[in-house]
Amino acid sequence: MQTNDFNLDDFGIYEGISETIVTTTKGWTPNAAPMGIIRKKDKAFIRLFKGSTTYENVVSSKMLVANISNDPLLFALSTFTDLEDEYFQSISFDGLTISSLKEAQSWVLFECVNTKLTSEAFVAEIVPKRAHINRCIIKAANRAFFSVIEACVHATRYKLTGDDKYLKLIKAYGDIVEKCGGEAEKDAMHIIYECL
Ligand SMILES: Cc1cc2nc3c(=O)[nH]c(=O)nc-3n(C[C@H](O)[C@H](O)[C@H](O)COP(=O)(O)O)c2cc1C
């Protein structure tokens with residue numbers, strides 16, 4: 001499904017903060033990393049902290065693709081590693097080539113407007129320009145998936161600060177993954193432990 005009629009709900013981005021995997025491109029090199037899309041009523045925003053490849057790419061191109069995924073491995077891998085080229089596909093937009101994730105359930109290509117650069121972050125309102133639904137997956141909520149997301153967040157904070165309190169939190173979420181997770185969530189948790 002390809003549309004120019006954007007109701008973000010239809011593509012999985014509801015009010016609040018949606019954890020997506022944002023793909024960006026510099027030259028021919030694609031990049032992917034988990035990023036929150038902040039939605040307030042009909043507007044959406046992004047806050048990108050300095051220091052990431054995503055920050056660099058978005059500050060220079062003002063474009064990003066938010067990929068919706070329920071794959072715990074994609075979240076863990078894209079937080080800590082550079083995804084291999086085969087994970088990506090190209091999208092052409094306005095003469096530009098930009099990337100999305102082949103396995104995304106849906107994706108939305110956004111353009112940044114009303115941008116603000118502070119000493120710590122790039123903040124922008126983001127306007128949807130193109131959106132696509134690949135496939136819908138029916139899956140009951142599983143605490144292990146959300147625990148992988150939480151563990152990834154705490155792992156990025158641990159890497160930034162070295163504060164041991166994050167290791168305790170990661171371990172607590174790891175215990176939930178052991179109890180509730182399938183193979184994918186457990187493999188994702190191993191990637192997180194290995195990358196600490
Ligand atoms: C679930 C999740 C959400 C995140 N959201 C953001 C965000 O909104 N803004 C941000 O700057 N970093 C966010 N991060 C941290 C980045 O994903 C992390 O710094 C990543 O390593 C950046 O990768 P890159 O250098 O390839 O862009 C988030 C991490 C996770 C796990």
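A residue counts as near a molecule if its C-beta atom, placed from the backbone, lies within 6 Å of it. With that in mind, this predicted model can be read by starting at its ligand, which has 17 residues around it, and then turning to a strand hairpin and to one lysine in a helix.

**The shell around the ligand**
- Among the 17 residues around the ligand, those that come nearest are Ala 33, Pro 34, Ser 52, Thr 54 and Cys 152.
- At least two residues of the shell come from each of β3 (29–40), β4 (43–49), α1 (53–61) and α3 (143–161), and β3 gives the most, with five residues.
- Domain 1 (2–71 + 81–133) and domain 2 (143–195) each contribute at least three residues to this shell.
- In chemical character, the shell is made up of eight nonpolar, seven polar and two charged residues.

**The β6–β7 hairpin**
- Strand β6 (residues 88–93) and strand β7 (residues 96–101) run antiparallel and are joined by six bridges, with Ile 91 having Ile 98 in β7 as its bridge partner.
- Two residues lie between the strands of this hairpin, and Asp 94, which sits in the turn, has a positive phi of about 55°.

**Lys 186 and its surroundings**
- Lys 186 belongs to helix α5 (residues 183–195), and it is classed as partly exposed because 15 other C-beta atoms lie within 10 Å, a count that falls between the limits of 12 or fewer for exposed and 20 or more for buried.
- Leaving aside residues up to four places away in sequence, Lys 186 touches Val 177 and Gly 181.
- Although Lys 186 and Phe 145 are 41 residues apart in sequence, their C-alpha atoms are 9.5 Å apart in space.

Note on methods. Residues numbered from 1 in each chain as written. Predicted model: local features only at pLDDT ≥ 70, side-chain atom pairs only at ≥ 80, totals over all residues. Helix = DSSP H or I, 4+ residues; strand = E, 2+ residues; numbered from the N terminus. Contact = placed C-beta atoms within 7 Å. Pairing = 2+ DSSP bridges. Nonpolar A, V, L, I, M, F, W, Y, C, P; charged D, E, K, R; others polar. Domains from an automatic or database assignment.
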